[in-house]
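Let's sit down with a model and learn to read a few of its features.

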Amino acid sequence: PCVMSLSPPPSSVSASLTPLPGKLPLESIQVVLEELRKNGNLEWLDKNKTSFLIMWRRPEEWGKLIYQWVSKNGLTNSVFTLYELVSGDDTADEEFHGLDEAMLLRALQALQQEHKAEIITLDDGRGVKFF
């Protein structure tokens with residue numbers, strides 16, 4: 001995820017995604033951000049809508065990728081530390097390898113709501129058991 005801020009609100013932002021040099025008015029930026037929010041890829045971090053989190057994938061999508069890996073490798077009914085999931089050798093080739101802990105927890109919470117996982121407390125931190 002990427003945390004960004006519109007504070008102080010710019011009058012315009014350089015449009016780096018278009019081949020033509022120019023500026024993108026704040027109103028246009030807000031339209032794009034609202035569309036990202038509707039799709040679940042943006043969350044406002046404050047009531048004034050000046051700071052936001054942009055997510056490449058929604059937590060539910062990360063959870064699905066993690067659970068597919070667990071299922072594919074026959075690891076249901078297994079317990080993992082959060083570190084093992086995102087930094088362990090077994091997940092080195094997976095898309096979720098290196099995922100930051102905040103997004104990992106949100107992904108696991110989504111799986112927990114689907115009764116596919118339970119976030120647990122271990123002696124050395126948090127972990128997860130998959131069902």
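What follows is a short chat about folds, helix packing and one side chain.

Q: Before we start, what kind of model is this?
A: It's a predicted model, where local features need pLDDT of at least 70, side-chain atom pairs count only at pLDDT 80 or more, and totals for chains, interfaces and linings use all residues. Residues are numbered from 1 along each chain as its sequence is written, and side-chain values use heavy atoms, with hydrogens and water left out.

Q: How many helices and strands does the protein chain have?
A: Helices (H or I, at least four residues) and strands (E, at least two) are DSSP runs, numbered from the N terminus. Here you get 4 helices and 8 strands, in the order β-β-β-α-β-β-α-β-α-α-β-β.

Q: How do helices H2 and H4 sit relative to each other?
A: You fit axes to C-alpha atoms over the stretch in contact and take the angle, from 0 to 180 degrees, between N-to-C directions. For H2 (residues 59-72) and H4 (residues 101-113), the axes come within 7 Å and cross at roughly 75 degrees. H2 and H4 are therefore roughly perpendicular (65 to 115 degrees). Contact means heavy atoms within 4.5 Å, and the residues making it include Trp-62 and Ile-66 of H2 and Leu-104 and Ala-107 of H4.

Q: Which side chain does Arg-57 join through a polar contact?
A: Think of a pair of N or O atoms within 3.5 Å, one able to donate a hydrogen and the other to accept it. Arg-57, in the loop between strand E5 (51-54) and H2, has such a contact of 2.7 Å with the side chain of Glu-95.

Terms used: Angles under 35 degrees count as roughly parallel, over 145 as roughly antiparallel, 65 to 115 as roughly perpendicular and the rest as oblique.
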